[in-house]
Amino acid sequence: MIDPDVLLRSAAMHYLKHSTIDMELLATEMAISRATLYRMAGSRDALLGEVFWALGRIFIAEASAEATGTGADRVIHVSRLFAEMVTGAQQLKQFVAEDPQTAARVLLTTGSDVHHRAVDAQLEIFEQSRVIGDPADMRSRAFLYVRLMESVVYSPVLGVPEMDFNLAEPALRALLPC
């Protein structure tokens, strides 16, 4: 059995090289059978979700480290930096262009762990920025905030032209308690 971290690293490197995950090719690269890869990963969508989340965590960490200020201004700064990183990711652009249905399924549906993890990460950003409130209310705000950010960063998946972060900023700010 392959260590889950080794699988994730291998899948991430494969994705960065090919802008997709080809399960047969990945299994060959890892010197395991395709059946073993599927047993370990569950499905291609699940593995893509893990890779997207691993990369997203890196982008969030970089944006959080670079962002300045406190409160709503810091939350917006983190979001702007994150959006710039995601929209500049060439592999993601290529993946979305070549397989928009899979991208939508993995990145945008609530059945995917990516969305749930993004909401949890947004709650952390709120806390780190000292944007606080009733926990249930903040979770709802984080959910809506993430949905709006998804509209900005994944607009090609949604079949609309690239969204300008400045257009979304007033709506994002409106979701943050004063």
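Is Asp120 buried, exposed or partly exposed? At 36% relative accessibility, Asp120 counts as partly exposed. Here are some notes to go with the structure above, which is a predicted model.

1. Let's stay with Asp120 for a moment. Its salt-bridge partner is Arg139, and the closest N and O atoms of the two are 2.8 Å apart. Arg139 sits in helix H9 (residues 135-153) and Asp120 in helix H8 (residues 113-128), so this pair ties together parts that are 19 residues apart in sequence. Like its partner, Arg139 is partly exposed, with a relative accessible area of 41%.

2. A search of the whole structure finds ten salt bridges. One to look up on your screen joins the side chains of Arg44 and Asp99, at 3.5 Å from N to O. Arg44 belongs to helix H4 (residues 44-66), whereas Asp99 is in the loop between helix H6 (90-98) and helix H7 (100-108); the pair therefore ties together parts that are 55 residues apart in sequence.

3. Next, please have a look at Arg173 and Asp73. These two form a salt bridge in which the closest N and O atoms are 3.0 Å apart. The bridge links distant parts of the chain, with Arg173 in helix H10 and Asp73 in helix H5 (residues 71-87), 100 residues apart. Both ends are partly exposed: Arg173 has a relative accessible area of 31%, and Asp73 has one of 48%.

4. That pair also belongs to a wider group. Asp73, Arg80, Glu169 and Arg173 are linked in a network of salt bridges. If you are checking side chains by eye, you could view these four together.

5. Within this network, Glu169 deserves its own point. Glu169 is placed in helix H10 (residues 165-174). Why does Glu169 count as buried? Its relative accessibility is 17%, and buried means under 20%. Leaving aside residues up to four places away in sequence, Glu169 touches Ile76 and Arg80. Arg80 is thus both a contact of Glu169 and a member of the salt-bridge network.

6. Finally, a nonpolar feature. Leu158, Val160, Met163 and Leu167 form a nonpolar patch on the surface, and together they have about 350 Å² of accessible area. Leu167 is found in helix H10, the helix that also holds Glu169. The two differ in cover: Leu167 counts as exposed at 63% relative accessibility, while Glu169 counts as buried at 17%.

Terms used
Residues numbered from 1 in each chain as written. Predicted model: local features only at pLDDT ≥ 70, side-chain atom pairs only at ≥ 80, totals over all residues. Heavy atoms only, no water. Helix = DSSP H or I, 4+ residues; strand = E, 2+ residues; numbered from the N terminus. Buried < 20%, exposed > 50% of the residue type's maximum accessible area, 1.4 Å probe, protein only. Contact = heavy atoms within 4.5 Å. Patch = residues over 30% accessible without salt bridge, like charges linked within 9 Å, V, L, I, M, F, W, Y side chains within 5 Å. Areas by Shrake-Rupley, 256 points an atom, 1.4 Å probe, with all protein chains shown as cover.
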